[in-house]
Amino acid sequence: MVQDPNRILIVDDDPEMRNVLRDILLDQSYHVETAQEGREALQRLANQPFSIVLTDLRMKGMDGLELLQEVAKNHQECNLIMMTAFGTVETAVEAMRKGAFDYLTKPIKTEELLVTVDKAMREALLRREVKYLRKQVYREFSFDQILGKSKPMREVFDLIRRVADSQTNILITGESGTGKELVAKAIHFNSQRQSAPFVPVNCAAIPEQLLESELFGHVRGAFTDAKSDKRGLFEEAQGGTLFLDEISELPMMLQAKLLRAVQEREIRRVGATRSSPIDVRIIAATNVKLEEEVKAKNFREDLYYRLNVIEIRLPALRERKEDIPLLVQGLLEKSIAGQQKSIHEVVEGALARLLDYQWPGNVRELENIIERAATLCPGEKITLEDLPPVIREVRGEGQLVEDAVDRMLPLEELEQTYIRRILEKMGGNKYQAAQVLGIDRKTLYRKLGEMEERSKV
Ligand SMILES: Nc1ncnc2c1ncn2[C@@H]1O[C@H](COP(=O)(O)OP(=O)(O)OP(=O)(O)O)[C@@H](O)[C@H]1O
Ligand SMILES: [Mg+2]
């Protein structure tokens, strides 16, 4: 059924008033329903969406202000228009502060009513459209909750789709915070195993002596504390996916045992004499270079090849900066979800800083910074002030210094690069460049001369 968006709910305890208003609005081809007081209105709202609630202020039962509070909290798609008797304008102002779209004073003039309703209707429809378009963008540039439109991310989505239904083991690599766990879940929930469990294990977080019984389970009496039989995580994941996070931290002894489980498709609980079959897909993840661990003999080569049938490499955020605006928008929507906030924008200056920054903590760091900004932001747009100093202070030039430090450039060379950049920025105007650099023109000419001399050698 196509939902008619032109829906108006009239709430008034005076039946005559309800009828008059309804007739006027029906005449304009709006779809109109009525309720006698706030509680009945809420019941209707719960059943079907309305674009406008036109409510009286004073009613027996739940009054207009209480209804407004509920609508502002749970039906943000609605614009509420408050009708007040002459002489209660203060209450009308209070209603506006609490989120009413507008107010009308009684006696209601038809013309005024129609203008206000029309305005509220347009605004509600526009809002709905924006919301719809936002959703479309995410549908186009995301895979489950993973956002990205850059080439490397589109390749990742493509790979997830192709491997999801196969049985192969997968190794996900990438720096911390690049979304490895998110990808592991996407694979699981897009595979035929989706209704069986996804069991994550962080190999670095469980003490070595416990890890074996955690993974494989144990039988009663296997060791002092083993008071009863216990299923391991492999068995918990039966039919589903076991996500072995930080696999490089798996102790050698357990690497051997894991290799056997993967090869033989069976496991043996600690202290058990017999093995039992398992059907578990393994997705492993690491943020260190596992090949190097293999070379250094810290990781078994045979296990490495077993786990790494297919590798999904997640790019660092700084390698795909074109994803930053989309991520900022998506993470912002996520962080205000369920809150009374309408921050949907980041001012350009702030976005520029976010684009300049190098993101050592990748998407997780960006997520934290956006969440912090949304919490601190007093207005509707995130500005520079809402960003932490570490971001606020990065500039293109800051990057220049960072790069110089990385390459350990001599001071002179850095100076030359800086001069060249400022000159470029000033469109070659030496006078302005000298001013920006805080040196006089003669000095600038001299330095440029020296640079030219040096480039000849
Ligand atoms: N492409 C993305 N789109 C949206 N959110 C993302 C994306 N990548 C990561 N995130 C979010 O960033 C956070 C970190 O992601 P995740 O835990 O998957 O990273 P990780 O690679 O496993 O990190 P670590 O190596 O530190 O465990 C999560 O909250 C996740 O939702
Ligand atoms: Mg992780």
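Domain bounds here come from an automatic or database domain assignment. I am working on a predicted model, where local features need pLDDT of at least 70, side-chain atom pairs count only at pLDDT 80 or more, and totals for chains, interfaces and linings use all residues. Residues are numbered from 1 along each chain as its sequence is written, while chains are lettered from A and ligands numbered from 1 in the order in which they are written.

**Domains.** I looked up the split of the protein chain and got domain 1 (7-137), domain 2 (147-313), domain 3 (320-392) and domain 4 (411-456). I also checked domain 1 against domain 4: their C-alpha centres lie 65 Å apart.

**Ligand 1.** I pulled the shell next, taking a residue as near if its C-beta atom, placed from the backbone, lies within 6 Å of the molecule. That gave 17 residues around ligand 1, with Ser 176, Gly 179, Lys 180, Glu 181 and Val 363 the closest. Both domain 2 (147-313) and domain 3 (320-392) give residues to this shell, so ligand 1 lies between them. For elements I use DSSP runs numbered from the N terminus: helices are H or I with at least four residues, strands are E with at least two. Strand E7 (146-147), helix H7 (180-189) and helix H15 (362-376) each put at least two residues into the shell. I sorted the shell by class, with Ala, Val, Leu, Ile, Met, Phe, Trp, Tyr, Cys and Pro as nonpolar, Asp, Glu, Lys and Arg as charged, and the others, Gly among them, as polar. It came out as 5 nonpolar, 8 polar and 4 charged.

**H6 on H7.** H7 also packs on helix H6 (residues 151-164), so I checked that pair: the axes come within 8 Å and cross at roughly 40°. Axes are lines fitted to C-alpha atoms, for helices over the stretch in contact, and angles run from 0 to 180 degrees between N-to-C directions. The two helices are therefore oblique (not under 35 degrees, roughly parallel; not over 145, roughly antiparallel; not 65 to 115, roughly perpendicular). With contact meaning C-beta atoms, placed from the backbone, within 7 Å, I found Val 156, Ile 160, Val 163 and Ala 164 of H6 meeting Val 183, Ala 186 and Ile 187 of H7. The residues of this contact are 7 nonpolar, no polar and no charged.

**H18 on H19.** I then turned to helix H18 (residues 411-425) and helix H19 (residues 430-437), whose axes are 9 Å apart at an angle of about 130°. That makes H18 oblique to H19. Ile 419, Ile 422 and Leu 423 of H18 meet Ala 433, Val 436 and Leu 437 of H19. I count 6 nonpolar, no polar and no charged residues in that contact.

**Backbone oddities.** Most residues other than glycine have a negative phi, and most peptide bonds are trans. I noted a cis peptide bond from Lys 106 to Pro 107, omega near 0°. Pro 107 sits in the loop between strand E5 (102-105) and helix H5 (110-140). I also noted Arg 265, with a positive phi near 55°, in the loop between helix H10 (252-264) and strand E11 (266-267).

Technical notes
Contact = placed C-beta atoms within 7 Å.
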